[in-house]
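Subject: Handing over a structure, with notes on chain B

Dear colleague,

I am passing on a structure that you have not worked with before, and I have written down what I found in it. Please keep the sequence and the structure open while you read.

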Amino acid sequence: MLIKLLLLVAIAAVFVLGLRAPSGARHLALRRVSVLLAAALAALSVLFPDAWNAIAEFVGVGRGTDLLLYGLIVAFLLYMVTTYRRFRDMEQQITLLARRIAVDETLPRAAAVPPPGPKPAAGGSPAQDTAEGEASGADGR
Amino acid sequence: MALQAQQQHDDVCVVVPLFNERTVVGDVVRDLRTAFPLVVVVDDGSTDDSAAVARDAGALVVQHPINLGQGAALQTGIEAALRLGARYVVTFDSDGQHQRTDAEAMVERLRADEADVVFGSRFLDSRTRPGLVKRLVLRAAIVYSNLTTGVHLSDTHNGLRALNRRAASALSIRQNRMAHASEIIEQVGHARLRWVEHPVHILYTDYSRSKGQSVFNAVNILTEMIYR
């Protein structure tokens, strides 16, 4: 039956799409185009309700309603997988942000960067200065 | 004696990820500090006063504003260690299951330039005795990791590791939660770092058992590895 093949291919496609990282502009464009397509399909279904029965018969499904249900399930799977991905990406961004805050709060960058050129000792604690200088030296390796 | 040891290891930074371990973290930090002067504790948004306990014990505490997971805490700690100019970085669990002496021995192997990374392994000798379920889960994880990373370790989920600066710089942990262990191994393999394993003793106390990783985590790790 044609429908079995179609559905299996669709499910596999959803799984593979989930593995690939959504790539910025193209991903966004695809999402928008699919929304447009879905809206167009919905409008057409209202105008020509019998079309679904014809398509269902062609692919080997009992009724148009059943076909719609199958389509909905696949669409929902796709939605789940892409949403999971988007959340992962957002989580990654939050992580980088939080890490930056955490590290900067405890170890201000200025302390780790060596002063430009040999600085004349301007009071303070020379021992600490030396330690920092060495630390930065190792940093540059 | 202690002072001498400290001077020996003043180019080492011990990174301890911390999340709600107030009852044990103080002792862990104090014990580490008898050998390693620089202990960076990454508080992963603990809801108790773990961070203050660690600070009182003499650790440099880096605080995540929100809870992100152990992998994220490790990466933060490693970046802090690099910024502090550490030549060697040790990752060490905060729940007291690792031994300071194992960490010292692992750093010595780095100093001898035996490798860029020393992985702790609880299965190289018979000191550690995990329960049956834990052993099975760990074995499955090891088989999976060896298949997918190309680095063949006898213990893939051990929080005790020692890295030299080159290895620490090569790591970029993106797996915030538990899948980071496999990810580190993967990146070590990818960066073609030299690695060795070192036998370590994991102390399964009632405390660590009560907090231990459940079998469900294996499922979560697998999902995170596939849908990364």
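The notes below begin with conventions and then turn to chain B.

This is a predicted model, in which local features need pLDDT of at least 70 and side-chain atom pairs count only at pLDDT 80 or more, while totals for chains, interfaces and linings use all residues. Residues are numbered from 1 along each chain as its sequence is written, and chains are lettered from A and ligands numbered from 1 in the order in which they are written.

Overall form

Chain B contains 10 helices and seven strands; helices (H or I, at least four residues) and strands (E, at least two) are DSSP runs, numbered from the N terminus. Its C-alpha trace spans about 45 × 40 × 35 Å along the principal axes. The radius of gyration of chain B is 16 Å, which agrees with the value near 17 Å for a compact globule of 228 residues, where the radius is taken over C-alpha atoms and the globule rule is 2.2 Å times the number of residues to the power 0.38. Of the 228 residues, 48% count as buried, a class that requires 20 or more other C-beta atoms within 10 Å of the residue's own, whereas exposed means 12 or fewer and partly exposed lies in between, with C-beta atoms placed from the backbone.

The sheet

Seven strands of chain B form an open sheet with mixed pairing, in the order S3-S2-S1-S4-S6-S5-S7; two strands pair if DSSP finds at least two bridges between them. S3 and strand S7 (195–199) of chain B are the edge strands, each pairing on one side only. Strand S2 (residues 38–43) of chain B runs parallel to S3(B) and is joined to it by four bridges, and B:Val42 has B:Val62 in S3(B) as its bridge partner. Strand S1 (residues 12–18) and strand S4 (residues 88–91) of chain B also run parallel, with four bridges between them, and here B:Val14 has B:Val90 in S4(B) as its bridge partner.

Two loop residues

B:Asn20, in the loop between S1 and H2 of chain B, has a phi near 50°, a positive value in a residue other than glycine. B:Asn20 counts as partly exposed because it has 17 C-beta neighbours inside 10 Å. B:Asp113, in the loop between helix H5 (100–111) and strand S5 (117–121) of chain B, likewise is a residue other than glycine with a positive phi, near 60°. B:Asp113 is exposed, with 9 other C-beta atoms within 10 Å.

The contact with chain A

Where do the two chains touch, and how many residues does each give to the contact? The contact takes 20 residues from chain B and 21 residues from chain A, two residues being in contact if their C-beta atoms, placed from the backbone, lie within 7 Å. On the side of chain B that touches chain A, the elements that give two or more residues are strand S3 (60–63) and helix H4 (70–83) of chain B. H4(B) gives the most to this side, with six residues.

With kind regards
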